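This report describes selected features of one protein structure, with attention to strand pairing, charged side chains and contacts between distant parts of the sequence. The structure is shown first, and the description follows.

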Amino acid sequence: MCRPRDGQPEGLGLLRPLGLGRRLRPGPGVRRRRSAVDDDHACLAVVEVTDDCNLSCSYCFASSGPGGAHRSTEEIEALLDTVEDAGGRPIQFSGGEPTVRDDLPALVERARNRGIDHVEVNTNGIRLATETGYAQQLADAGVTAIYLQFDGLTSETYERIREVDLVDEKHAAIDACREADLPVVLVPTVVPDVNDHEMGDIVQFALRNRDIVRSVNFQPVAHFGRYASNDGRFAIDDATRLLAEQIDVLDPRDMLPAPCCSAYCQIGTAFVPEDTDATAAAGCSTEETDGQANCDDTRTDESFVPLTQYVDDQLWDMLSGMVDEGDYMELLAGTAAGEEWACKTAGCCGVDVPGGVEGLFDEVVPVSFTGFMDADAADVNRLSNCCISVPTTDGDLVPFCGYNMTTEDGEYALRNRNDWGGRNAVDGDRPAADSAAGYQGDGTATDGGCVPDDCEGE
């Protein structure tokens, strides 16, 4: 480990090989560009709209909690300018908790009016669960998928990770999205010896709710934000082997690298019906349905197998070489655009899937792992190949992990050192989630931060 210079915060030496431990000062007339993602490579732009949150979780990249400030509408417009100037790509409104902003539907409309076709909302789901009609408001505004924090199926899991039991809220949020026909991506933060034993159950839950749950993105915990201590490292290859032990039909080799980033960053597969013919899947014959599969679906969870049973390694390499990063994100989110791309690609390449490709995506459930990179595992090649970016107001798309990386003393390595907003350091003295400033069971926080028009300069 590099020893810090006198007066340098402990841990910044780890970041010097990446140019993250110092603030670059270019000469006159030279545009400062810090660890930016290639415009053509970023497949998702994460647009943070608030530091406020109605929870104060044990694990949080942004160290958010009740009382944080909203970003002004003007600043969000500048972030959208960055995305648009880079050619446009799918975006995710995040925070903090973006749904604590009453103007979130209006922000979604602003993004859609710019021609951004895919707009996710990253949320804990509390407002979706507790406010009647809110899911429909987001759908009407143009939200294409809900990126739902979903750590497991037991109260104990949420009490240990989120510091409050949210099981009922998670199910209610999914039901609300179902009523609004708003696709859901389940996003579990996986912590060793806390909820890693529930990964298989989460996949089975997704398969049972595949009418509205489009995919699962497991995120093994990394050492930044509030989880800064050097314990419990959980690499995605370890997580993959553990998931394979929990699902009989899954082998670790079924999880293949994503086509648009480092193999250390994201791997995944897709669970598909063993018999993808729609009428057989519904347990009835063509004669019974006049050519349409409208019988009750009697397929069990065990009827699904990894797509790799039909796609070998050579074909996967060929297919992944044709993937545009934006298309891949659309596919993971289960949107119509992703289905259209997959069908066209499979048709061109002659993928031999029983029953054909058309209609397959009514059933398929992608399952992936995202391995975030903290300072202990810092690798400049991974950062330069990052496909998850954060737009800045000065026109750059910054690697997500670099943006959120924290040093050993809890200081954000890049975020505030370059005036990008958010907290200066990890908030170790956060209010407990079940305290007077936390979640009250009605979707609100009692200390809700500033309103959009009052956030200038904060």
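In the hairpin described below, S389 stands opposite P399 in strand β13. The model is a predicted one, and the values reported here are to be read accordingly.

**Strand β12 and its partners**

Strand β12 comprises residues 388-391; I388 and V390 point to one side of the strand, S389 and P391 point to the other, and all are buried. S389, which faces P399 in β13, therefore counts as buried, the criterion being a relative accessible area under 20%. The pairing of β12 with β13 (residues 397-399) is antiparallel and involves 3 bridges. Between the two strands of this hairpin there are 5 residues, and G395 adopts a positive phi near 95°.

β12 also pairs with strand β1 (residues 44-48); here the strands run parallel and are joined by 2 bridges. Within this pairing, L44 has I388 of β12 as its bridge partner. I388 shares its side of β12 with V390.

**Strand β11 and its partners**

Strand β11 is mostly covered, since 6 of its 6 residues are buried. V365, V367 and F369 point one way from the strand, whereas P366, S368 and T370 point the other way. The residues on both sides are buried.

Two pairings of β11 can be described. With strand β7 (residues 213-220), β11 forms 3 bridges in a parallel arrangement, and V216 stands opposite V367. With strand β9 (residues 266-273), β11 forms 6 bridges in an antiparallel arrangement, and I267 stands opposite F369. V367 and F369 point the same way from β11.

**Loop positions and contacts across the sequence**

A378 is located in the loop that connects β11 (365-370) to helix α14 (380-384). With a relative accessible area of 28%, A378 is partly exposed. A378 and C401 are separated by 23 residues in sequence, and their C-alpha atoms are 9.2 Å apart in space.

A second loop position is P192, found between β6 (189-190) and α7 (199-208). P192 has a relative accessible area of 19% and is buried, because the cut-off for this class is under 20%. P192 and P220 lie 28 residues apart in sequence, with a C-alpha to C-alpha distance of 8.3 Å.

**Salt bridges**

How many salt bridges does a search of the whole structure find? The search returns 14. Among them are the three pairs in the table, each given with its N to O distance and the relative accessible area of both partners.

| Acidic residue | Basic residue | N to O distance |
|---|---|---|
| E75, 25% | R71, 10% | 3.4 Å |
| E131, 27% | R127, 13% | 2.7 Å |
| D238, 36% | R241, 42% | 2.8 Å |

In the pair of E75 and R71, E75 counts as partly exposed, whereas R71 counts as buried. The pair of E131 and R127 can be described in like terms: E131 is partly exposed and R127 is buried. In the third pair, D238 is partly exposed, and R241 is partly exposed as well. D238 and R241 both belong to helix α8 (residues 236-246), where they are 3 residues apart, about one turn of the helix.

Beyond these pairs, salt bridges link E77, D81, E84, R110 and R114 in a network.

**A negative surface patch**

E156, E159, D165 and D168 form a negative surface patch. Of these residues, E159 lies in helix α5 (residues 155-161). Why can E159 be counted in such a patch? E159 has a relative accessible area of 44% and is partly exposed; patch residues must have over 30% relative accessible area and no salt bridge, so E159 meets the accessibility requirement. As a member of the patch, E159 is joined with residues of like charge.

How values were computed: Residues are numbered from 1 along each chain as its sequence is written. This is a predicted model: local features need pLDDT of at least 70, side-chain atom pairs count only at pLDDT 80 or more; totals for chains, interfaces and linings use all residues. Side-chain values use heavy atoms; hydrogens and water are left out. Patches are made of residues with over 30% relative accessible area and no salt bridge: like charges are joined within 9 Å, nonpolar side chains (Val, Leu, Ile, Met, Phe, Trp, Tyr) within 5 Å. Accessible areas come from the Shrake-Rupley method with a 1.4 Å probe; for residues, only the protein chains shown count as cover. A salt bridge is a side-chain nitrogen of Lys or Arg within 4 Å of a carboxyl oxygen of Asp or Glu. Lys and Arg count as positive and Asp and Glu as negative; His and the chain ends are not counted. The place of a charge is taken as NZ of Lys, CZ of Arg, CG of Asp or CD of Glu. Helices (H or I, at least four residues) and strands (E, at least two) are DSSP runs, numbered from the N terminus. Buried means under 20% relative accessible area, exposed over 50%, partly exposed in between (1.4 Å probe, protein chains only). Two strands pair if DSSP finds at least two bridges between them.
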